[in-house]
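Visitor: I am new to this structure and should like to be guided through it. May we begin by looking at it?

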Amino acid sequence: PDLLWVERGADDTRVRIGQVRALQRALQLRSAGEGRRVAVIADAEWLNQEAQNALLRVLEEPPAATSLVLVATQASGLLATVRSRCQRAALPVPRTRLDRDALDDDAREWVERFDALASPRTGELLDWAEAFRGARAPAAAAVAELLEIATLWLRERAGQHEDAATLRPTLRAFAEVQAARKALSQRNANPQMVAERALFALQDAVRGR
């Protein structure tokens, strides 16, 4: 009840002033609980000019314990007076599939090595993981990118299986890579060891273990 959501109607091209006024009235009521309230205006760039002007007052003086979130693909669709009353937060769209043609050189090399993981021996995988030694911040960032590419690669691989039996090793590797991503977020995590864990899991998937 303390999440208020405003968006375009299914057959509408604009978020209308009537919707903004209804939101303002709802925000004048008491909260359902003792926590914060959040009002989300999706498709905010499709607020018509009247609706944006009506929104200015509540942006200037929002009710206590209330956050307003305006979601827009392009901030330029909002009036300057609206933008000036907001704090901007850029949220990059996560990749959902492996686009091999769009990869940079490092990522393309990683994918090629993933494809060939059936043959490397233990020492070669350890050598690969050793490339992520050094200062923790850049090493962790590089391993995070490796794990993201590995996740997309596993998703691509999962779509190539014809039955559940052959899919299981890929699913196990996927779970292991996600665990590695979680481990990497810990302050004392060793990026090199996290990379080792993920690479061995990927090799097991390729070998069907």
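Guide: Two strands pair if DSSP finds at least two bridges between them; strands (E, at least two residues) and helices (H or I, at least four) are DSSP runs, numbered from the N terminus. This is a predicted model, in which local features need pLDDT of at least 70 and side-chain atom pairs count only at pLDDT 80 or more, while totals for chains, interfaces and linings use all residues. Residues are numbered from 1 along each chain as its sequence is written, and side-chain values use heavy atoms, without hydrogens and water.

Visitor: Which strands stand at the edges of the open sheet?
Guide: The open sheet has three strands, with parallel pairing, in the order E1-E2-E3. Each edge strand has a single partner strand, so one side of it is left without a neighbour in the sheet. The edge strands are E1 (3-6) and E3 (66-70).

Visitor: Which residue in E3 does Ile41 stand opposite?
Guide: Strand E2 (residues 37-41) runs parallel to E3, and five bridges join them. Opposite Ile41, in E3, stands Leu70.

Visitor: Which helix gives the largest share of the largest nonpolar core?
Guide: A nonpolar core is a set of buried (under 20% relative accessible area, 1.4 Å probe, protein chains only) Ala, Val, Leu, Ile, Met, Phe, Trp, Tyr and Cys residues joined through side-chain atoms within 4.5 Å. The largest one has 33 residues, and Trp110 is one of those that touch the most other members. Helices H4 (105-115), H5 (122-130), H6 (136-158), H7 (164-184) and H8 (191-206) each give two or more residues to this core. The largest share, nine residues, comes from H6.

Technical notes:
Buried < 20%, exposed > 50% of the residue type's maximum accessible area, 1.4 Å probe, protein only.
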